[in-house]
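Let's work through some exercises together. Have the structure open beside you and try each task before reading its solution.

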Amino acid sequence: MQARPFDAPAPTRAAAEPIPSPPGVPVLGNLLQLPRGRLTQHLTKLAPSFDGIFEIDFAGLRVPFVTSATLAAELCDEKRFRKTIKPPLSILRALAGDGLFTAHSDEPNWGKAHRILVPAFAQRARRAYFDAMLELAGQLVDKWERSAGAPLEVSEDMTRLTLDTIALCGFGYRFDSFASAQLHPFLQAMARVLDETMGRLTRHQWLTRLRVGANRRYERDIALMHALVDEVIRERRGRAQQPRDLLGLMLEAVDPVTRERLDDANIRYQVITFLIAGHETTSGLLSFVLRLLTGHPEVLARARAEVDEVLAGGRTLQYDDLARLEVIDRILKETLRLWPTAPAFAVAPFEDTLLGGRHLIARDRRVTVLLPALHRDPAAWKDPERFDIDRFLPENEALIPSAAYKPFGNGQRSCIGRQFAIMEAKLALALVLHRLEFEDADPGAASAVRETLTLKPEGFRLRIRRRGA
Ligand code: HEM
């Protein structure tokens, strides 16, 4: 969407200053400076040259990025701003339609699905997912034990774990990813669709139209993913009794406000949404955690001592033990500070408004909160590049301004699966630390980050050994 800074009422306009931006070229603006597959990292590097906000010109589409906690606090005020569905999320609607993640807040299906699905993430429901999570984390550790000595692609196996976990806990469906050397065709299709979605962000529209073969592949991939989801739903509809998991609720529960159920098309979009939103980010989180721990042996030792104490005497991990894993909890929080695996969210004002008292943001104009830069805002974080889990000791955490740390987004559109993700990551990490030793298989290699819609360590491999072996 084009910026419309001069449509605003006169009093607001008079007070406004333009949003600064890096120098660009006529017509294409900053487009040619934006590295394909490295957009978030590029923008994060730009942030220190500006004062908490800058604007990027994507060939005429000017998008402001906010990186300071002070301005983010304004954007998190839900009386002034709401989530907006613009690229890449609007592009993703081809796949995920009006599922929770890509729905407009005022679409009736968002409220309906939100009210129906919140109970699936409450404490009682999470307790019921525990055994399935434990079984799948056990499959990961078993595989890694069997592969002792050989370099292991960490992100690939974390993706197997997290996809299998959301599918089994959410829909009673087994991908059995650890049984195969290849990633499941669903995952391969998803990776290509997300790649194309991001490619369309930094490519001019007419170039996208010319890529006939790639566009056909994109359509085929989307069809493949929809077909798999339709099969999962068909299989479940055939059962006499529905388990009370995500899909059970989608098929049977009635919205307490409208007294309606979700329709079939929306259920398909929700299942796709949960398969995507429910695994990419958690897989990235677990991979970053292991990369950070290989570089911080003293933190690794603290975490391992904690797990060993909880599991002393050969106990099996129980749901109630998770609350005792405080060091691991802080490791997860600090990892999400440095590497928020869903790296941005976008909002727009209900009405024309002055941001920071000086920049006019016209009604419905998108502003993006750039999380890796926000989480390094020097006004909110001391020595921001340092991996320091004690920032999240309760007495320190209480002092963090709430808008300085937003790895799960904001307000009513924040992550519905936050507790699920933390539970899954804690549990997997506890098992890995308790049973395995690991070291970086490529010490000295650059710590690259791969970007799709999410962030993941790139080419990160570990060499594993059973503890005590
Ligand atoms: C470390 C893991 C995760 C991170 C960092 C993360 C991050 C986020 C963020 C930042 C948002 C807000 C996006 C926006 O405003 O546009 C979001 C929304 C969402 N997340 Fe997560 N997420 C994670 C795990 C999960 C899991 C495990 C699930 C499902 C089981 C999930 C399901 C969703 C859904 C459905 C939404 C949309 C909610 C709505 O708008 O109603 N996420 N997540």
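## Exercise 1: Around the ligand

The residues in the shell around the ligand fall into 14 nonpolar, 9 polar and 2 charged ones. Keep in mind throughout that this is a predicted model.

**Task.** Find how many residues surround the ligand and which are the closest. Then find which helices each supply at least two residues of the shell.

**Solution.**
Step 1. Count the shell: 25 residues surround the ligand.
Step 2. Pick out the closest ones, which are Gly278, Phe345, Gly409, Cys415 and Gly417.
Step 3. Look at the helices. At least two shell residues come from each of α12 (264–277), α13 (280–295) and α18 (418–435).

## Exercise 2: Two helices that meet

**Task.** Describe how α13 and α18 cross, and name the residues through which they meet.

**Solution.**
Step 1. Recall what to look for: two packed helices are described by the angle between their axes and the distance between the axes.
Step 2. Apply this here: the axes of α13 and α18 cross at roughly 40° and come within 10 Å.
Step 3. Add the handedness, which is right-handed where α13 passes α18.
Step 4. List the residues. From α13 come Thr281, Thr282, Leu285, Leu286 and Val289, and they meet Ala421, Glu424, Ala425, Ala428 and Leu429 of α18.
Step 5. Sort this contact of α13 with α18 by class: 7 nonpolar, 2 polar and 1 charged residues.

## Exercise 3: The five-stranded sheet

**Task.** Give the order of the 5 strands in the open sheet, and explain why one side of β1 and of β3 is left without a neighbour in the sheet.

**Solution.**
Step 1. Trace the order, β1-β2-β8-β5-β3, with mixed pairing.
Step 2. Look at the edges. β1 (53–58) and β3 (81–83) stand there with a single partner strand each, so one side of each has no neighbour in the sheet.
Step 3. Check the twist: ignoring direction, neighbouring strands of this sheet are turned by 35° against each other on average.
Step 4. Zoom in on β1. This strand runs antiparallel to β2 (residues 61–66), and 6 bridges join the two. One place to see this is Ile53, whose bridge partner in β2 is Val66.
Step 5. Visit the hairpin of β1 and β2: there are 2 residues between the strands, and Ala59 takes a positive phi near 50°. β1 itself is mostly covered, with 5 of its 6 residues buried.
Step 6. Go to the other edge. β3 pairs with β5 (residues 344–349) in the antiparallel sense over 3 bridges. Here, Lys83 has Val347 in β5 as its bridge partner.

## Exercise 4: The three-stranded sheet

**Task.** Which strands stand at the edges of the sheet with the order β4-β12-β9?

**Solution.**
Step 1. Read the pairing: these 3 strands form an open sheet, and the pairing is antiparallel.
Step 2. Name the edges. β4 (151–153) and β9 (436–440) each have a single partner strand, so one side of each is left without a neighbour in the sheet.
Step 3. Note the twist, which averages 45° from one strand to the next.
Step 4. Follow β4 to β12 (residues 461–466): they pair in the antiparallel sense over 3 bridges, and Pro151 stands opposite Arg463 in β12.
Step 5. Find the helix. α7 (residues 154–171) lies across β4 and β12 and runs at about 50° to β4.

## Exercise 5: Buried or exposed?

**Task.** Decide whether Trp339, Asp176 and Asp383 count as buried, partly exposed or exposed.

**Solution.**
Step 1. Take Trp339, in the loop between α15 (326–338) and β5. Trp339 has 24 C-beta neighbours inside 10 Å and therefore counts as buried, since the cut-off is 20 or more.
Step 2. See what Trp339 touches: leaving out residues up to four places away in sequence, these are Phe288 and Leu455.
Step 3. Take Asp176, in the loop between α7 and α8 (185–201). Asp176 has 13 C-beta neighbours inside 10 Å, so Asp176 counts as partly exposed.
Step 4. Take Asp383, in the loop between α16 (371–374) and α17 (394–397). With 9 other C-beta atoms within 10 Å, Asp383 is exposed.

How values were computed:
Residues numbered from 1 in each chain as written. Predicted model: local features only at pLDDT ≥ 70, side-chain atom pairs only at ≥ 80, totals over all residues. Near = placed C-beta within 6 Å. Helix = DSSP H or I, 4+ residues; strand = E, 2+ residues; numbered from the N terminus. Nonpolar A, V, L, I, M, F, W, Y, C, P; charged D, E, K, R; others polar. Axes fitted to C-alpha atoms, helices over the stretch in contact; angles between N-to-C directions. Left-handed = near helix turned anticlockwise from the far one by under 90°. Contact = placed C-beta atoms within 7 Å. Pairing = 2+ DSSP bridges. Buried ≥ 20, exposed ≤ 12 C-beta atoms within 10 Å, placed from the backbone.
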